[in-house]
Amino acid sequence: MASNAAGAGKQLRIIFIGDSNVGKTSIFKLFENHKVFKSPVVTIDAQTIERNIVIGPPYETVKLLIYDTAGQERFRTFTRQYFRDADIAFLVFSITDGDSFHHIGEIWMKEIADNRRGDTEMILIGNKSDLADERVNPLSTSKQFAEQNEMKFIEMSALKNDDFQKLYDVLKEAVTDVIKKGRRTKEEEIKINNDEPAPRNDKWYSKCRI
Ligand SMILES: Nc1nc2c(ncn2[C@@H]2O[C@H](COP(=O)(O)OP(=O)(O)OP(=O)(O)O)[C@@H](O)[C@H]2O)c(=O)[nH]1
Ligand SMILES: [Mg+2]
């Protein structure tokens with residue numbers, strides 16, 4: 001949750017989600033050591049790393065708690081707990097796997113909508129861009145999908161160190177947006193949609209009276 005307790009600074013939770021084998025862990029590991037992950041294995045337990053990011057001007061440091069989650073369906077119940085407080089979600093698919101792209105809308109966005117407690121900013125990642133010959137998901141389709149769903153979008157390869165900068169830049173933009181907007185909870189959205197007038201804040205009202 002975006003928090004700013006006195007002296008604690010701001011903190012955001014970031015999650016990687018998407019089908020198994022799309023490269024979530026490989027991308028996550030780039031945050032850990034900026035090196036290509038040499039020995040990937042199927043993720044069973046979520047892993048976390050902490051990183052600071054500086055946004056601005058005006059400059060401020062935001063602490064990021066980054067979570068890698070398991071894509072396999074048998075771990076879904078366990079993974080869901082990480083959706084609740086996610087401020088930013090990387091939705092990862094592989095450009096070589098059509099199902100992994102369709103599941104972004106059919107599974108992963110629904111999982112976030114059903115389980116989140118507040119707003120979650122979404123970033124779509126088309127991974128494995130180095131495998132151009134095996135591409136089945138056209139760039140234009142992914143771009144259009146991202147626009148329709150108001151998501152940022154990049155294509156990248158977890159095997160190319162240079163692509164880390166793309167990833168970092170899009171994350172920085174998302175962090176800036178989240179911090180600027182503040183966080184709105186599901187309950188607040190329901191209140192806003194409710195026709196009843198908002199309850200008057202007497203403390204604030206009395207200060208404003210002449
Ligand atoms: N060519 C290519 N292979 C990649 C890329 N990213 C990941 N891979 C390979 O894809 C396989 C799966 O990568 P992982 O990072 O383990 O996938 P995952 O999404 O974490 O999978 P789960 O943990 O099961 O959810 C591994 O063999 C990686 O080496 C990429 O950008 N290009
Ligand atoms: Mg993994």
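Which residue in β5 does Phe 90 stand opposite? The legends below, which describe a predicted model, come to this residue in the third view.

**View 1. The protein as a whole, with its helices and strands in order.** In this predicted model, the secondary structure of the protein comes to seven helices and six strands. Read from the N terminus, these elements follow one another as β-α-β-β-α-β-α-β-α-β-α-α-α. The protein has 210 residues, of which 29% are buried, and among its contacts with a separation of 6 or more, 73% join residues that are 24 or more positions apart.

**View 2. Strand β4 and the two directions of its side chains.** Strand β4 spans residues 88-94, and seven of its seven residues are buried. In a regular strand, the side chains alternate between the two faces of the sheet. In β4, Ile 88, Phe 90, Val 92 and Ser 94 point one way, whereas Ala 89, Leu 91 and Phe 93 point the other way, and the residues of both groups are all buried.

**View 3. Strand β4 with its partners β1 and β5.** Strand β1, made of residues 10-17, pairs with β4 in the parallel sense over four bridges, and Phe 16 has Phe 90 of β4 as its bridge partner. Strand β5, made of residues 121-127, also pairs with β4 in the parallel sense, here over seven bridges, and the residue of β5 that stands opposite Phe 90 is Ile 123.

**View 4. The crossover from β4 to β5.** Leaving β4, the chain passes through helix α3, which covers residues 98-115, before it reaches β5, and this β-α-β crossover is right-handed.

Methods. Residues numbered from 1 in each chain as written. Chains lettered and ligands numbered in written order. Predicted model: local features only at pLDDT ≥ 70, side-chain atom pairs only at ≥ 80, totals over all residues. Buried ≥ 20, exposed ≤ 12 C-beta atoms within 10 Å, placed from the backbone. Contact = placed C-beta atoms within 7 Å. Pairing = 2+ DSSP bridges. Right-handed = clockwise from strand over helix to strand, strands pointing away.
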